[in-house]
Amino acid sequence: MLHGSKEGTSGADGGELTVPMAWLYAEYIADELLRTGDLMPPTSFEFRAGRDALALTIFLSDTEGELSGIRVVSQLETWLSLTAYDQPWQDWVREHMTRLAARAREENTPSPDLELAEAAWRWLEETELLAPDLDSVPDGGPLPDEDDGPRVWTPAWQLGLPLGHLAIHLF
């Protein structure tokens, strides 16, 4: 699958339209994994956080530059290891985003895939969602009802990453 489709021209400058196929395909795979897991309503912010975190993982782990539907199942273990709790996922994303941005600057070519990935990353970093405060549960004490228990504002990526990881497991 090609990352970009260049068909026709647009605007007075004769620029080419490039379709961000790599990002759209990564987002589609992430969406399907999350929907199959049926963990959150697809209209929730938590679902979006999971989809964006998983799409970033899929997009950035595509080292060959070609996302292939045939390879999806063979990549599940890689995605599981990248999204595991003890992995520095946030640092890994930053490194890969920086590398892709540098390559786009060197080649002096716009990358709509990278632009969409950067927008997803910005949303994941800058958005905070209200989540149960798992650190406030007293040792040996009764667990409060999820709706009644203490809650804390959490960066979206910190909620989305384990959701994506669990969705891969359930697939």
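Here is a short tour of the nonpolar core and two of the helices around it.

Before you click, note that this is a predicted model, where local features need pLDDT of at least 70, side-chain atom pairs count only at pLDDT 80 or more, and totals for chains, interfaces and linings use all residues. Numbering starts from 1 along each chain as its sequence is written, and side-chain values use heavy atoms, with hydrogens and water left out.

Start by selecting Leu56, Trp89 and Leu124: in the largest nonpolar core, which has 38 residues, these touch the most other members. A nonpolar core here is a set of buried Ala, Val, Leu, Ile, Met, Phe, Trp, Tyr and Cys residues joined through side-chain atoms within 4.5 Å; buried means under 20% relative accessible area, exposed over 50%, partly exposed in between (1.4 Å probe, protein chains only).

Now zoom in on Leu56. Beyond its neighbours within four places in sequence, Leu56 is in contact (heavy atoms within 4.5 Å) with Trp23, Trp89, Trp92, Val93, Met97, Ala117, Trp121 and Leu124.

Next, pick α4 (helices are DSSP runs of H or I, at least four residues, numbered from the N terminus). Its buried residues are Trp89, Gln90, Trp92, Val93, His96, Met97, Leu100, Ala101 and Ala104. Look down the axis of α4: the buried residues fall within an arc of 160 degrees (taken from the directions from the helix axis to the C-beta atoms), so they line one face of the helix. That buried set packs against α2, α3, α5 and α6. Flip to the face turned away, and you'll find the exposed residues Glu95, Thr98, Arg105 and Glu106.

Last stop: Asn108, which follows α4 and has a positive phi, near 55 degrees.

Terms used:
Helix = DSSP H or I, 4+ residues; strand = E, 2+ residues; numbered from the N terminus.
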